[in-house]
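Please open the model in your viewer and keep the sequence panel beside it. The tour below goes from one selection to the next and says what is to be found at each stop.

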Amino acid sequence: MVMMFRFLLAWLTHRLRGPLGVLDTGVLSMRVWPTDLDMNVHMNNGRYFTAADIGRLDWWLRTGVMKKALARGWGPVAGDANGRFSRSLQPFEKFAVHTRLIGWDSKWLFKEHRFVSQSGQVVAVIVVRYLFRSRKAQHSPAEVLALVGHREPSPPLPDWVRDWHRAQNELTASLKAARARG
């Protein structure tokens, strides 16, 4: 219920946070509520991924990508996500999700979500690769970003993102091969 409220709040208030360019970082403030806690009484690791989803929603709305993509029947689909946790977020602690587009290739867009404590410490980083699909087709990042007038090439992906991307592709290929073998 709290997460649905956060989605709705992000959607209803995105204009108050102002527009973003494609390569800008969106910042969304949140707080750890009791429903976010796990048995260790800190924020559940799954909640970070859901908070990252809300950060992406906010970024899509504020860049204008979401409105223009939905008007064409295109929707975002996450393919893979990875999280790195450095410190726990405690009950009622304030934090911010800093969401930015790291870059893209011919298929995937890569987003980074940095979870920053009130003291300014990065406590977790979530990276997600995703794409946009319609009923009939998959749409390239260049096609998606062109909806909001961005036609520049991707910034270079950091080595750690390229390595993670390569590992995900290898895992996908091995799963498809196993499925084909029956």
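Begin by selecting strand 3 and strand 4, which form a hairpin with four residues between them. Bear in mind throughout that this is a predicted model. The two strands of this hairpin pair in the antiparallel sense, and nine bridges join strand 3 to strand 4. To find the register, pick L101 and look across to strand 4, where K111 is its bridge partner.

Now keep strand 4 alone, residues 109–117, and display the surface of the rest of the protein around it. Eight of the nine residues of strand 4 are buried, so this strand is largely enclosed by the rest of the structure.

Before leaving the first hairpin, select W108, which is found in the loop between strand 3 and strand 4. Is W108 buried or exposed? W108 is buried, because its relative accessible area is 9%, and a residue counts as buried under 20%. Leaving aside residues up to four places away in sequence, W108 touches G79, D80, G103, R129, Y130, L131, P141, H165 and N169. One of these neighbours, P141, deserves a distance label: its C-alpha atom and that of W108 are separated by 6.5 Å, although the two residues are 33 residues apart along the chain.

Next, add strand 5, residues 122–133, to the selection; strand 4 and strand 5 pair in the antiparallel sense over eight bridges. These two strands also form a hairpin with four residues between them, and in its turn G120 has a positive phi of about 95°. Two pairs help to follow the register here: F110 has R129 as its bridge partner in strand 5, while F115 has A124.

Stay with strand 5 and look at what lies on the other side of the pairing list. Which strand is joined to strand 5 by 10 bridges? It is strand 2, which runs antiparallel to strand 5. If you select D80, its bridge partner in strand 5 is R129, the residue that also serves as the bridge partner of F110. D80 and R129 both appear among the contacts of W108, so it is worth showing these residues together. Strand 5 is mostly covered, with 10 of its 12 residues buried.

Continue to strand 6, residues 138–139, which pairs with strand 5 in the antiparallel sense over two bridges. R133 has Q138 as its bridge partner in strand 6, and strand 5 and strand 6 form a further hairpin with four residues between them.

Move now to the loops, where two residues call for a check of the backbone. Most residues other than glycine have a negative phi. Select V41, which sits in the loop between strand 1 (26–31) and helix 2 (45–63); its phi is near 60°, a positive value in a residue other than glycine. V41 is partly exposed, with a relative accessible area of 45%. Then select F92, in the loop between strand 2 (75–85) and strand 3 (94–104). F92 has a positive phi of about 70° although it is not a glycine, and it is partly exposed, with a relative accessible area of 45%.

Return to the loop between strand 1 and helix 2 and select H42, which is placed there. Not counting residues up to four places away in sequence, H42 touches D36, L37, S88, L89 and Q90. The C-alpha atoms of H42 and L89 are separated by 5.7 Å, with their positions 47 residues apart along the chain.

Finally, clear the selections and view the whole protein. There are five helices and six strands, and along the sequence they follow the pattern α-β-α-α-β-β-β-β-β-α-α. The radius of gyration is 17 Å, close to the 16 Å that the globule rule gives for 182 residues, so the protein is as compact as a globular protein of that length. Taken along the principal axes, the C-alpha atoms fill a box of roughly 45 × 45 × 30 Å, and 41% of the 182 residues count as buried. Among contacts between residues at least 6 apart in sequence, 73% join residues at least 24 apart. If you colour by charge, you will find 27 positive and 14 negative side chains, with the centres of the two sets 6 Å apart.

Note on methods: Residues numbered from 1 in each chain as written. Predicted model: local features only at pLDDT ≥ 70, side-chain atom pairs only at ≥ 80, totals over all residues. Heavy atoms only, no water. Buried < 20%, exposed > 50% of the residue type's maximum accessible area, 1.4 Å probe, protein only. Rg over C-alpha atoms; globule rule 2.2 N^0.38 Å. Contact = heavy atoms within 4.5 Å. Lys, Arg positive; Asp, Glu negative; His and termini not counted. Charge placed at Lys NZ, Arg CZ, Asp CG, Glu CD. Pairing = 2+ DSSP bridges.
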